[in-house]
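Hi,

Here is the structure I promised to pass on. Have a look at it first, and my notes follow below.

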Amino acid sequence: MTAVHSATAPAETPRIPRGARTAPSGIPAEQTATEGLLRFPSGFLWGAATAAYQIEGAAAEGGRTPSIWDTYSHTPGRVRNGDTGDTAADHYHRYRDDIALMSSLGLQAYRFSVSWSRVQPTGRGPAVERGLDFYRALVDGLLEAGITPVATLYHWDLPQELEDAGGWPVRDTAERFGDYAALLADALGDRVGLWTTLNEPWCSAFLGYGSGVHAPGRTEPASSLRAAHHLNLGHGRAVAALRSGLPAAAEVSITLNLHEVRPLSASLADAEAARRIDAVGNRVFTGPILSGAYPEDLLADTAHLLNWDELVQPGDLAAISAPIDLLGVNYYTPTLVSSRLGTDGVGAGAGAATRDDGHGNSAHSPWPGSEDVIFHLPPGEQTAMRWSIDPSGLYDLLTRIHREHPALPLLVTENGAAFDDYVNPEGEVRDPERIAYLRSHLAAVHAVIADGVDVRGYFLWSLMDNFEWAYGYGKRFGAVYVDYATQRRIPKSSAHWYAEAIRRGGVSSV
């Protein structure tokens, strides 16, 4: 048997600072707040992000075959209003216009994902050149417009044939992902200098195979943990393939939706609840990827579900922990938890084990090993997703990562909010709530940089309204409004605000 943890690895129990400092002491004088402007360092990358299934459409064109999200969205009852990504924002046909739109907003970088089943329909074998040609043309268009392309290999759209063979709970899927990464490195390596292996593998593993609110919709706690390990292994295989196929100057990263976990009270029971969620929400990925070991407490919490010594094979942890150049961090809202147990950790606490965790409604939990944890809706203003607006969570999260891994550069690869946007009689979309959200969160990033954290860029989620997974087209995260009936794009007030922030290199301090 191979060891799945290191005897010397720290337990990494979460330390949760509350409240963000704002003094820009770590930024050079010319970068400080002047004339009411929080100016970001020279070279800070201003971008926006999307995902293939959410915007591309053309679901059956160019040789593309179904992914798990095609199957899931076409299954009655899975997605609100029966929406699918068949057409989405029709970016496949309108990418040239969308690049022109990005250019008009002054975007410096565009983070997109590649549809695996568009370029390798079965998840095995050679690539389909027609599929690769779309991404070649997209990247060439971005470069011609002076926009840095940032490619994500996987944003949740596993080819259905691989799911039929077992999906991410099966080890072979990780091997296939490494092969797929090699195909993309060969096709786009001369054009793309910044790569992300996986986007939010927590969602792929635990929403896809645990709670079932994401594709493929399975509700199997042990399988969700197996999926997490094989996603980690797939990341390791992809890093090796990218390093082998890319120029030496190319940078490789992974993007994690790390949870800023906060206990409801100062009780030991609530601290224990926060520790459990931190283990299965964060350290299940950061442990093996950044420290080469699964944390001891995670293994203990989930031992009743899984034999980790059988799952983790010799050489896995070495592959998973191959060095990365950057860590992408996605943040939207903090996570507030308490224990169903009493303050002494043994008696029954008040209330049932409710789960208001912001990750969709299901009778099945995406938190294996955390059966006694209660999730609470944090106080304060909310977005249309019922997510609390709290930029201190972004500050605290980035600070924690820097404290635990001080040499690792960071990118904020997703941050944004959904609101109930509409076109007014003048043909405008005014979204002052989103502007306030973005300004406060960018101010938190500025404060983190001032305190010495190496944050190299910010990617707004999202460039445009899109298919919002199980919510269909009912939630709008975009800076650009999409009229789905006509596919007309209308930049919202927030898009113009963001363009001005990019132009000025900062945001207002008040």
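**What turned up**

W69 counts as buried because its relative accessibility is 1%, under the 20% cut-off for that label. Keep in mind that this is a predicted model, so everything here is computed from it.

W69 is a good place to start, as several other findings lead back to that residue. Which ring does W69 meet edge-to-face? That would be F467: the two ring centres are 6.2 Å apart and the planes stand at 80°, so the pair is edge-to-face. W69 belongs to helix α2 (residues 68-73), while F467 sits in the loop between β12 and β13 (480-483), so this pair ties together parts that are 398 residues apart in sequence. F467 is buried too, with a relative accessible area of 0%.

There is a second edge-to-face pair to look at, W116 with Y154. Their planes are at 85° and their centres 6.1 Å apart, so they get that label. Here the link runs from helix α4 (residues 116-119), home of W116, to strand β4 (residues 148-154), which holds Y154, so the parts tied together are 38 residues apart in sequence. Both W116 and Y154 are buried.

These two pairs are among the 34 aromatic pairs in the structure. W69 and F467 also belong to a cluster linked by ring pairs, whose other members are Y53, Y72, W156, W469, Y473 and Y484.

Now for charges over rings. R476 lies over the face of Y481, 4.0 Å from the ring centre. R118 does something similar with F134: its charged end sits over that ring, at 6.0 Å from the centre.

On to the overall fold. What do the strands build? Eight of them form a closed barrel with parallel pairing, in the order β2-β3-β4-β5-β6-β8-β11-β12. From one strand to the next, the twist averages 25°. If you want one pairing to zoom in on, try β11 (residues 410-415) with β12 (residues 455-461), which run parallel and share 3 bridges. Within that pairing, L410 stands opposite V455 of β12. Helix α15 (residues 432-450) packs on the sheet there, touching β2 (45-49), β11 and β12, and its direction makes about 170° with that of β12.

So, if you only have a minute, open the W69 and F467 pair, which links helix α2 to the loop between β12 and β13, and then turn to the closed barrel of 8 strands.

Cheers

Notes: Residues are numbered from 1 along each chain as its sequence is written. This is a predicted model: local features need pLDDT of at least 70, side-chain atom pairs count only at pLDDT 80 or more; totals for chains, interfaces and linings use all residues. Side-chain values use heavy atoms; hydrogens and water are left out. Two strands pair if DSSP finds at least two bridges between them. Helices (H or I, at least four residues) and strands (E, at least two) are DSSP runs, numbered from the N terminus. Axes are lines fitted to C-alpha atoms, for helices over the stretch in contact, and angles run from 0 to 180 degrees between N-to-C directions. Contact means heavy atoms within 4.5 Å. Rings of Phe, Tyr and Trp (its six-membered ring) pair if their centres lie within 6.5 Å; planes under 30 degrees apart count as stacked, over 60 as edge-to-face and the rest as tilted. Buried means under 20% relative accessible area, exposed over 50%, partly exposed in between (1.4 Å probe, protein chains only). A charge sits over a ring if NZ of Lys or CZ of Arg is within 6 Å of the ring centre and within 35 degrees of the ring normal.
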